Amino acid sequence: MITNDSIKNSVEDWVIAFEASGANRIIAGWEIASVTVSFLAAEWMILPFGTFAKMLGALPLLLGLITMIVSHRVRIESLRDIGLRFDNFGPAMRKLALPMTLSVLVVLMLGWSTGGFQSKKIQIWQWILWLPLWGFVQQYALQGFINRRTQILFGRGVLSSITVACLFALLHLPNPWLAVATFAGGFIWAQVYQDIPNLFALALSHGFMTLALVFALPSPILKGLRVGLRFFS
Amino acid sequence: MPTKLNNRYPKFTLLVVCLALKSTLDVLIIGGLALAFYYSAFSPSLRGALDEAGPEWITGWVVDLSNLDNKVEVQLYIDGEFSESRMADFPHPGLVTAGVTKDERHGFLFFTPPLDQGQHEARVYAAYKSYDGQRRTLVLLGKPIRFRVENYPAEPYFKGWLETANAVTVKGWAIKKDKTSEQVEVRLYIDGHFVEMRTTDDPGPDFSSVGLAANEKHGFVFFTPSLVPGEHEARVFAVRKDSGTQDNRSLRIIGRPIKFTVE
């Protein structure tokens, strides 16, 4: 039976839901900004300044990590939700196959046209093994956290993926070619993650694409993959 | 936050507090780093000033209050272009009188390079080394000074000529028109940099027999300093003194510049 009290309660619930949505988006935006500031502070202000600074550079990164972990707990996000799972690894790799193939072809063509294929770094197996690990760390922060928060802001789709791509490129400035590559890669990975969230597949893809870039492109273009203030040294 | 919202999302309060704390720490860390960088790179203990700048010289002083024994390197810029650098170890008695230092040797004096006629600006910077010499920053001393150069030729006050300039010597002569018996103070500049000053006391051509001067001692000979191989330019200026202050002293070019090559 519809009574005045029941109408009042449903309106109140609707207002709360609306406010929750607005507040939730503001908080999500704040989370994205906060974590991005941590990475920017490390690469622009702390890490370029030597060995002691590396220890100091861990501080904003640690604060960023704590923020992400607290956020996951508050929003009741499981490891599976974030993408730490194997059940969809195959479908994620299949979805990545085509864009990766096209991207590698583009990179190879760029390499031929710019006189690349001269890197000695690909002979260092320790560096090659490190690539997917470092890719995993980046993809966790980018997709497992930032992508999930941009979806709160803008919903699933192109807009949130472009936002993720822009932030990823921002974190790779002022290296111009790397910023372009990470924008393209960031968009593709964001789209794949939104469909099939699997960080392990993205980590392998990230590592493989980094290997392709270093293998194909000459060092005057890549500038040693340096970002932040170290780009100028 | 509305009570029902907080009841539904109690842990959001924790997240907001966490974000607020982190943002505060970010501001403190970044602010602290900026301050640390500023104090390490720019040394707030440097004190100095530009006293005087004119067509003949530029003077001033600089002291490192954190280490009064330290002599500071200073660099002269004219119109935004680097001109010369030297250590600030020139006597400046005013510093002792004012009680700033016990040692008066914290001044600097640059001889103004030859400049085109017109207005110019002099700036002097103290060079500060940090990070074990990996970084050098320039700290402006006092305020820039603008001055005017009247770069007239030696006529009508002097007669003179720059005869030769080569890798060994720079020779010529100069006679003051109104006082032909007096020696003339002449200055040698090579590639725009002051090299040496002397008076015309070398025997030159037979000035007295042609009525140019009362005696023969109006020639000058500079020994060319060691120069890097290549082309160089020598200019010699006569110093015209009126009342002795810099405003009434002027450099007047003798003859014309001579280019020479050092092998």
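Two strands are taken as paired here if DSSP finds at least two bridges between them, and with that in mind the tour of this predicted model can start in chain B.

Select strands β1, β2 and β5 of chain B, which form an open sheet in the order β1-β2-β5 with antiparallel pairing. Residues 46-53 (β1) and 107-111 (β5) of chain B stand at the edges, and because each has a single partner strand, one side of each is left without a neighbour in the sheet. Looking across the sheet, you should find a twist that averages 20° from one strand to the next.

Next, keep β5(B) and add β2(B), residues 57-64, to see the antiparallel pairing of these two strands over five bridges. Within this pair, Trp57(B) is placed opposite Phe111(B) of β5(B).

Staying in chain B, move to β3 (residues 73-78) and β4 (residues 81-87), antiparallel strands that are joined by six bridges. The two make a hairpin with two residues between them, and Asp79(B), in the turn, has a positive phi of about 55°. Across the hairpin, Leu76(B) faces Glu84(B) in β4(B).

Finally, turn to chain A and select helices α4 (residues 89-113) and α8 (residues 199-216), whose axes lie 10 Å apart and meet at an angle of about 10°; the two helices are therefore roughly parallel to each other. To display their contact, show side chains including Phe89(A), Leu96(A), Met100(A) and Val107(A) from α4(A), together with Phe200(A), Phe208(A), Met209(A) and Leu213(A), which are among the contributors from α8(A). Of the residues in this contact, 16 are nonpolar and three are polar, with no charged residue.

Note on methods. Residues are numbered from 1 along each chain as its sequence is written. Chains are lettered from A and ligands numbered from 1 in the order in which they are written. This is a predicted model: local features need pLDDT of at least 70, side-chain atom pairs count only at pLDDT 80 or more; totals for chains, interfaces and linings use all residues. Helices (H or I, at least four residues) and strands (E, at least two) are DSSP runs, numbered from the N terminus. Axes are lines fitted to C-alpha atoms, for helices over the stretch in contact, and angles run from 0 to 180 degrees between N-to-C directions. Angles under 35 degrees count as roughly parallel, over 145 as roughly antiparallel, 65 to 115 as roughly perpendicular and the rest as oblique. Two residues are in contact if their C-beta atoms, placed from the backbone, lie within 7 Å. Ala, Val, Leu, Ile, Met, Phe, Trp, Tyr, Cys and Pro count as nonpolar, Asp, Glu, Lys and Arg as charged, and the others, Gly among them, as polar.
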